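Hi,

Here is the structure I promised to pass on. Have a look at it first, then read my notes underneath.

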Amino acid sequence: MNQKINQEFPHEISLYIKREDLLHPIISGNKFRKLKYNLEEAKKQNKKVLLTFGGAFSNHIVAVSAAGKEFGFHAIGIIRGDELSNKIAENPSLLKAQQLGMQFEFVTREQYRLKDSYEFMESLSNKYGDFYIIPEGGTNEWAIKGCEEILTESDFEFDYICCAVGTGGTISGLINSSDSNQKIIGFSSLKGDFLQNDIAKFANKQNWSVNCDYHFGGYGKVTDELIDFINTFNLNHKIPLDPIYTGKMMFGVFDLIAKGYFPKQSKILTIHTGGLQGIAGMNNLLQKKGKTTIVI
Ligand SMILES: *Cc1c(COP(=O)(O)O)cnc(C)c1O
């Protein structure tokens, strides 16, 4: 569903948001798209177990645990940070995943870095037997096929499509199903431009770019300015944004509009990729620091 952002923008720009956050009560936004064909494939291969990887507040971890419960798989999560093992109760994302039946294995950051190595994979096979593996963040060919279903032909009327970028799977799907006259702009939620190669690997067109100016210090980092923006946006438009991805993307779009980046009368579609489950964890951190929290 596309929703118009009712606000006067300079240069007669019109802004819309695709509410992918409303697709499913738990498996929000792009994680739903990314899992769809992976779950079909796992069923086809007769797998009973899904195994995946993620960090402390990962939307992907929560999505896989919910998908496991809903579609009849046992879910195993390899979690970065062994210090988290006795802090599940304080971590809303991990607590949710656990309640949905996910089994955790906590590993050190060093072990996690080597998670794709042959040795680590072999140790997982020895421990857990046969499983269907979903990469960190969920990005693989099946995920991109799912993300190609975000845009439909009626979205061809937009000049620009804007989305948040983590691993690059979502933007790759958007690029593949876009019209070549449209421009796809990704807003990186993390520092560094190593993403571009990953996107180029999956994307079938060159009508895209990644903006790295709105990461706010890096992945999972926020500023008072960003939190204020998210709260004001929600107050004005009754649409919650998450602090890790969609808040940064929307801040970037507003800033670029103000700076005159988009030509006159541009029609812009932003993608709400979900991630709202992460707000609770972020608010805990903000509260500990005595900062303003995100209003939901
Ligand atoms: C995971 C996630 C992203 C990033 O998607 P990628 O396909 O990894 O680039 C963007 N927004 C939200 C809300 C997410 O949870």
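Below is what I found, going from the annotation to the two sheets and the helices around them.

Before anything else, keep in mind that this is a predicted model.

On the annotation side, UniProt has an unreviewed entry that lists residues 10–274 as "domain: Tryptophan synthase beta chain-like PALP". In the model, that span is 39% helix and 18% strand, and its end C-alpha atoms sit 27 Å apart.

Now the sheets. One is an open sheet of four strands, ordered β5-β4-β3-β6, with parallel pairing. Its edges are β5 (103–107) and β6 (132–134), each of which pairs on one side only. From one strand to the next, the twist averages 20°. If you want a spot to zoom in on, try β3 (residues 49–54) and β6, which are joined in the parallel sense over three bridges; L50 stands opposite Y132 in β6 there. Helix α2 packs on this sheet and touches β3, β4 (74–80) and β6, with its direction at about 170° to that of β3.

That helix has a helical partner too. α1 (residues 30–44) packs against α2 (residues 59–71) at an angle of about 45°, and the axes are 11 Å apart. An angle of about 45° falls outside the roughly parallel, antiparallel and perpendicular ranges, so the two helices count as oblique to each other. Their crossing is right-handed. On the α1 side the contact involves K31, L35, L39 and K43, and these meet N59, H60, A63, V64, A67 and F71 of α2. Sorted by class, that contact has six nonpolar, two polar and two charged residues.

The other sheet is also open but has six strands, in the order β1-β2-β10-β7-β8-β9, and the pairing is mixed. Here β1 (2–4) and β9 (208–211) are the edge strands, pairing on one side only. Ignoring direction, neighbouring strands are turned by 25° against each other on average. Within this sheet, β7 (residues 160–165) and β10 (residues 267–272) run parallel and are joined by three bridges, with C162 having T270 in β10 as its bridge partner.

Two helices are worth displaying along with those strands. α7 (residues 169–177) lies across β7, β8 (183–188), β9 and β10, and runs at about 175° to β8. α8 (residues 195–202) packs on the sheet as well, touching β7, β8 and β9, and its direction makes about 160° with that of β9.

That's the lot from me. Shout if anything is unclear.

Cheers

Key. Residues are numbered from 1 along each chain as its sequence is written. This is a predicted model: local features need pLDDT of at least 70, side-chain atom pairs count only at pLDDT 80 or more; totals for chains, interfaces and linings use all residues. Side-chain values use heavy atoms; hydrogens and water are left out. Axes are lines fitted to C-alpha atoms, for helices over the stretch in contact, and angles run from 0 to 180 degrees between N-to-C directions. Angles under 35 degrees count as roughly parallel, over 145 as roughly antiparallel, 65 to 115 as roughly perpendicular and the rest as oblique. A crossing is left-handed if the near helix is turned anticlockwise from the far one by less than a right angle, and right-handed if clockwise. Contact means heavy atoms within 4.5 Å. Ala, Val, Leu, Ile, Met, Phe, Trp, Tyr, Cys and Pro count as nonpolar, Asp, Glu, Lys and Arg as charged, and the others, Gly among them, as polar. UniProt positions are given in the numbering used here, feature names are shortened, and annotations may be inferred rather than shown by experiment. Two strands pair if DSSP finds at least two bridges between them.
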